[in-house]
There are 2 protein chains.
Amino acid sequence: MRLESFAEAAGSAELVVNATGGEGSMDALTQAGEANLAGKVLLDVSNPLDFSQGFPPSLLVKDTDSLAEQIQRAFPAVRVVKSLNTMTAALMVDPGGVGGGDHSVFVSGDDPEAKRTVTSLLEQLGHRDVIDLGDLSTARGAEMYVPLWLRMMGALGTPMFNIKVVR
Amino acid sequence: MRLESFAEAAGSAELVVNATGGEGSMDALTQAGEANLAGKVLLDVSNPLDFSQGFPPSLLVKDTDSLAEQIQRAFPAVRVVKSLNTMTAALMVDPGGVGGGDHSVFVSGDDPEAKRTVTSLLEQLGHRDVIDLGDLSTARGAEMYVPLWLRMMGALGTPMFNIKVVR
């Protein structure tokens, strides 16, 4: 995508998805343009992975902050909702790819209406168990889960899995 | 438990469980005595939670190290296996408490025989899906999952849940 088209795409969209790598998210959103993003729902599926020391990666931000919160602070007029970062891309858009879709997905965000918009999108994609973790700070949990996901991928030999919250 | 009895209990045990709070684990194991622990399997179910700033807690160690690895380095003759730290205590010993026991548990450790011993114990307790994540460094993933677990507990209003790895 040419740099100009980030801004064009963001400007005409109703909902913007940040599916960039975590280390490049801030740059990409800056290029998209704060004015083009203002007021829109930003579905943030990125993970702040640091591959500079090899595999498994460490996290660029964690525990007392999250990439989702950094994005929200940098773009206060955007309505950031963290979701889908806890599974491989194929399952984001086709949860039926494993277990007949009988697994869970999380949403975190400060704007209830934005979370409803994202939840509706997730349900349209086939997600049946959408768990609202709370405000955007709960994205710290969803982002810090990814190191476990990476070890599971290593143990299972495939990224085609997801967790179901059994209760 | 009197301080003396930590050492007495460790000395006569075949398998030792570290179920202390993460901030006190190293002290408790030091009191148990390196000589009493040497050669034994240490099932480490602790989590390095820092409640000094309130709830939710942050982590005392994370990402590029773990409490399990700190314990292993401090007690090199002990065979540390991380497991069960990803669920509430009631489900550790009675996984049938939710979902008919249809959920998952992880093991991490450097000693294959020690992991088999723990896996056998887990199966005796009713755990049916024991996932071997690999060496003890994979405990970083299991420990960093706990912040998500804490947010789920908040969202669900109960600690009586666990994750099933659907694949």
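Start with chain A and colour it by burial: buried residues make up 44% of its 167 residues. Keep in mind that this is a predicted model.

**Chain A as a whole**

Show chain A as a cartoon. Its secondary structure comes to 8 helices and 8 strands. The radius of gyration is 15 Å, close to the 15 Å that the globule rule gives for 167 residues, so chain A is as compact as a globular protein of that length. Switch to the C-alpha trace and turn it along its principal axes. The spans are about 45 × 40 × 30 Å. Now look at what touches what. Of the chain A contacts between residues at least 6 apart in sequence, 75% join residues at least 24 apart.

**Where the chains meet**

Bring chain B into view. Here 36 residues of chain B are in contact with 36 residues of chain A. Which elements of chain B each supply at least two residues to the side that touches chain A? Select strand S4 (58-59), strand S7 (129-134), helix H7 (139-144), helix H8 (146-156) and strand S8 (162-166) of chain B. H8(B) gives the largest share of that side, with 8 residues. Colour the chain B side by class: 18 residues are nonpolar, 10 polar and 8 charged.

Next, select strand S8 (residues 162-166) in chain A together with S8(B). The two run antiparallel and are joined by 5 bridges. Zoom in on A:Lys164. Opposite, in S8(B), stands B:Lys164.

**The sheet of chain B**

Hide chain A and select the five strands S1, S2, S5, S6 and S7 of chain B. They form an open sheet in the order S1-S2-S5-S6-S7, with mixed pairing. Which strands are at the edges? Strand S1 (15-18) and S7 of chain B, each pairing on one side only. Look across the sheet: on average, neighbouring strands are turned by 25 degrees against each other, direction ignored.

Now isolate strand S6 (residues 104-109) and S7 of chain B. They pair in the parallel sense over 5 bridges. Strands of a sheet pair through backbone hydrogen bonds, so show the backbone atoms here. Pick B:Phe106; its bridge partner in S7(B) is B:Ile131.

**A helix on the sheet**

Last stop: select helix H4 (residues 67-74) of chain B. H4(B) packs on the sheet, where it touches strand S2 (41-44), strand S5 (79-83) and S6 of chain B. Compare directions: that of H4(B) makes about 170 degrees with that of S5(B).

Technical notes: Residues are numbered from 1 along each chain as its sequence is written. Chains are lettered from A and ligands numbered from 1 in the order in which they are written. This is a predicted model: local features need pLDDT of at least 70, side-chain atom pairs count only at pLDDT 80 or more; totals for chains, interfaces and linings use all residues. Two residues are in contact if their C-beta atoms, placed from the backbone, lie within 7 Å. Helices (H or I, at least four residues) and strands (E, at least two) are DSSP runs, numbered from the N terminus. Ala, Val, Leu, Ile, Met, Phe, Trp, Tyr, Cys and Pro count as nonpolar, Asp, Glu, Lys and Arg as charged, and the others, Gly among them, as polar. Two strands pair if DSSP finds at least two bridges between them. Axes are lines fitted to C-alpha atoms, for helices over the stretch in contact, and angles run from 0 to 180 degrees between N-to-C directions. The radius of gyration is taken over C-alpha atoms; the globule rule is 2.2 Å times the number of residues to the power 0.38. A residue is buried if 20 or more other C-beta atoms lie within 10 Å of its own, exposed if 12 or fewer, and partly exposed in between; C-beta atoms are placed from the backbone.
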